[in-house]
2 protein chains.
Amino acid sequence: MKQYTASNAAYEKIRDAIFEEKYERGEKLTEVKLADELGVSRTPVRDAMRKLEEEGLIKDKRVINPTIKDLMNTFDVRMLLEGYAVRQAARYMGPDQIEDLQQCVEAAKRGKTEEIMDANKEFHDIIVKASNNDVLIDTIDRMQSVIFLFRRTVVYHQRPRLIEEHEAILEAIRNHEEEQAEWLMKSHLKKDLDFSIHSW
Amino acid sequence: MKQYTASNAAYEKIRDAIFEEKYERGEKLTEVKLADELGVSRTPVRDAMRKLEEEGLIKDKRVINPTIKDLMNTFDVRMLLEGYAVRQAARYMGPDQIEDLQQCVEAAKRGKTEEIMDANKEFHDIIVKASNNDVLIDTIDRMQSVIFLFRRTVVYHQRPRLIEEHEAILEAIRNHEEEQAEWLMKSHLKKDLDFSIHSW
DNA sequence: TAATTAGTTGATGTATACATAAATATAAAT
DNA sequence: ATTTATATTTATGTATACATCAACTAATTA
């Protein structure tokens, strides 16, 4: 269970500030300055910064400024892992989980910006979980922040054909077409990558 | 560049103590006790423990006790990532790097326990680096500790046919046979996994 | 006896003070 | 003016004190 410690609060605040570009890319973050801003001591700030270094949002005390290559690297790994995950999904997923995926697709069709984003994220999360591999799940989880940082969410939520691609993946899962599911997932992620790069 | 801070020293000592089973699997590690043993304050111990939690050697303040499933999960991810890496190696590696791999194989043939282990580790490291993907490199790096913890090194260094398998992979790389290299790497890792499980 | 409560111990979270190291600015010298 | 050396500031590393929280023990009561 997640606790409400000053460290966690600091972590979330700093992370969100980075997402909202309150701190610029490449900007040096010092412990005292952050501690002052957040009204806590340096100790929880250090904890938070360590966690942020883990997920790659901070590097050498500076807000990262991901390059195109960084993003490509991230997506290459993601394609491998989610490709595997969707294969497992196509093989083992039960009707109830498939129904959950269906719900995500529906929700993304109806909803507004924020909800669309959430539903699409959930779609991937469910598939990743279906891998039933904690190492894989954790690895993908750690990459999310960098992806999120890179992506301009305002633009991204209306990426063309995204929902159709999810639907196609869902169909492949439903029909237990592993090979097809993997291929669809990989090309889906490839399009995500290209879109992210070009809308940059 | 790595510094000689008390935090780093604490990290290495605790890690090695876990490897040497000075702390039992599942044992609860408290900050004060470790601080006393290492002759430092709690602060660097906390830093060290955080780092160890990152790489999965500690979970919830306890030394992890990896299950067979944990190991299988780790190897499944490793197979995906190193499979990809060796493909890149087969495609792009230059003669000098191939020579380095050759040296690893030679060294493993001649050397003694410790050197054999190092040379074989180095063989994989070179291939992983050839992926030219930092995200992938970091991900594999983080998994090493758990693999090392699980493996009984005394037994492992004499796993049958390990060197021959490395040689076969090297040949595939030399001949730019991507598909073959990937297949060989994956079955090589599969055998590693099986050996680790059965010699348990 | 089982269960609840109070009290005690121990562990972690947080703030702060001090020490060391890094970075920057200032002055001197070529 | 550029470099070298020195001084000053600033940031980080480490120790320690205190506060809070959790775990355990003992005692009281149903």
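**Exercise 1.** Which residues in α2(A) are buried? Work out how they are arranged around the helix and what they pack against.

*Solution.* The model is a predicted one.

Step 1. Buried here means under 20% relative accessible area. In α2(A), E31(A), L34(A) and A35(A) are buried.

Step 2. Viewed down the axis of α2(A), the buried residues fall within an arc of 100 degrees, so they line one face of the helix. The spacing follows a general rule: an α-helix has 3.6 residues a turn, so residues three or four places apart point the same way.

Step 3. V32(A) and D36(A) are exposed and sit on the face of α2(A) turned away from its buried side.

Step 4. The buried residues of α2(A) pack against α1 (6–19) and α3 of chain A.

Step 5. Just after α2(A) comes G39(A), with a positive phi of about 70 degrees.

**Exercise 2.** Describe the protein surface near DNA strand D and list polar contacts to its phosphate oxygens.

*Solution.*

Step 1. DNA strand D is surrounded by 16 residues, and the closest are R42(A), R46(A), A6(B), S41(B) and T43(B).

Step 2. Sort the residues of this surface by type: 5 are nonpolar, 6 polar and 5 charged.

Step 3. Assign them to helices. At least two residues each come from α2 (31–38) and α3 (42–54) of chain A, and from α1 (6–19) and α3 (42–54) of chain B. The largest share, 3 residues, is that of α3(B).

Step 4. Turn to the DNA side. Of the atoms of DNA strand D within 4 Å of the protein, 50% belong to sugar or phosphate, and the rest to bases.

Step 5. Look for N or O pairs within 3.5 Å that involve phosphate oxygens of DNA strand D:

- R46(A): an N or O atom of the side chain is 2.4 Å from a phosphate oxygen.
- S41(B): a polar backbone atom is 2.8 Å from a phosphate oxygen.
- S7(B): a polar side-chain atom is 2.9 Å from a phosphate oxygen.

**Exercise 3.** What turn and what shift along the axis lay chain B on chain A? Identify the symmetry relation and examine the interface.

*Solution.*

Step 1. A turn of 180 degrees with a shift of 0.0 Å along the axis lays chain B on chain A, with an RMSD of 0.1 Å.

Step 2. That is the relation of a two-fold axis.

Step 3. Of the residues of chain B, L80(B) comes closest to the rotation axis, with its C-alpha at 3.2 Å.

Step 4. Compare the interface residues. Of those in chain B, 95% are also interface residues in chain A, so the copies meet through the same surface.

Technical notes. Residues numbered from 1 in each chain as written. Chains lettered and ligands numbered in written order. Predicted model: local features only at pLDDT ≥ 70, side-chain atom pairs only at ≥ 80, totals over all residues. Heavy atoms only, no water. Near = heavy atom within 4 Å. Polar contact = N/O pair within 3.5 Å; in protein donor to acceptor, adjacent residues only side chain to side chain. Helix = DSSP H or I, 4+ residues; strand = E, 2+ residues; numbered from the N terminus. Nonpolar A, V, L, I, M, F, W, Y, C, P; charged D, E, K, R; others polar. Least-squares fit on C-alpha atoms with pLDDT ≥ 70 in both. Contact = heavy atoms within 4.5 Å. Buried < 20%, exposed > 50% of the residue type's maximum accessible area, 1.4 Å probe, protein only. Arc of directions from axis to C-beta.
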